[in-house]
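Colleague: I'm still new to reading structures, and I'd love a close look at one part of this one. Could you walk me through the place where the two halves of the chain meet?

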Amino acid sequence: MAEPRPRVWVSQPLYADIEARLDEWFEVTRTPRITDHAPDAIAAALADADGALVTLNDRIGAAEVAGAKRLCAVANVGVGYNNLDVDALAARGIVATNTPGVLTETTADFGFALMMAAARRITEAEHWLRAGRWQGWGFHQLLGAEIHGSTLGILGMGRIGQGIARRARGFGMRVLYHNRNRLPEAVERDCAAAWLEREALFAEADHLVLVLPYTPANHHIVDAAALARMKPTATLTSIARGGLIDEDALADALQAGRLAAAGLDVFEGEPAVNPRLLACRNVVLTPHIASASLPTRRAMVSLAVDNLVAAMGFGPDAGRPPSLVTPPTAT
Ligand code: GLV
């Protein structure tokens, strides 16, 4: 009798043509509709699986893998992987992978756009216009902050941070960054970016963009004290993860005029958004869409499939998944 094929659980419907590559190697259990899986449902699905293809909404930790005796690989469709407890998986010998690289440029485009929208008050202006408040062109209406010639601060200078830095060059911005590890000189030169201590970055930036991974060590790294270091004319943009910003402290600063504006694509309790932020006119709010273009989302799924196949010992990269995850480090 033929060996039974390994079983793979796909937690969400993704792209059928790309997912179909899994069928060559595995018995695949699919999820027909977008589903907010409860922890018990994830545990039940994993209990029967050798591998899993999951997204950022699926939280997998010690409890979810406790009964997953056969599970050997979890492929995350996403570059951030704070939905996975990597240490708990590693303790069980389960390999985790993510999807870096393929979303870098799309996400950097969006980060730059969100920063510009906050600085130039684009959504605020649109809401104002739609509310019928525009009575005629006004010299003093909706004045925003300059982008060109200003100082961009980037906290977290991985691939996406570097992509944002390269875009800033075209706008004639001075680029400063902080990263736990300073980049090699050649990369700094390529990005025309200079390293700075974190506190100094907060104080110097006209526009600060967060692109660092979330870890418990950098929970609320942007707190009231950090915000107090920023210029009152500055903007803060985050395309990283909720949990990095103390959202109540941010709402205080925005309401009190101690910070000009913010652009947020990620939220601590997403999809719930802090009602105090919803009430602020000077914040641009988007629903975690920085990598959301069709070609990029397809590339993410494709890489996740390659990772899973390789991590489970099949295909051309058997045993060498292209993007193995290592525990994230705080910046
Ligand atoms: C999106 O947030 C990702 O981490 O890919």
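Modeller: Across the interface of domain 1 and domain 2, the rule finds 0 salt bridges (a side-chain nitrogen of Lys or Arg within 4 Å of a carboxyl oxygen of Asp or Glu). Please keep in mind that this is a predicted model, where local features need pLDDT of at least 70 and side-chain atom pairs count only at pLDDT 80 or more, while totals for chains, interfaces and linings use all residues. Residues are numbered from 1 along each chain as its sequence is written, and side-chain values use heavy atoms, with hydrogens and water left out.

On the side of domain 1 that touches domain 2 there are 3 nonpolar, 4 polar and no charged residues; here Asp, Glu, Lys and Arg count as charged, Ala, Val, Leu, Ile, Met, Phe, Trp, Tyr, Cys and Pro as nonpolar, and the others, Gly among them, as polar.

Where are the two parts? An automatic or database assignment gives domain 1 as 7–101 + 294–311 and domain 2 as 104–285. Their C-alpha centres lie 31 Å apart. In contact (heavy atoms within 4.5 Å) are 7 residues of domain 1 and 5 residues of domain 2.

The size of an interface is often given as the accessible area lost when the parts come together. Between them, domain 1 and domain 2 bury about 530 Å², 44% of it on carbon and sulfur atoms; this is the area accessible to a 1.4 Å probe that the two parts lose on being put together, summed over both. In domain 1, Asn82, Gly101 and Thr296 lose the most area to domain 2, together 70% of what that side buries.
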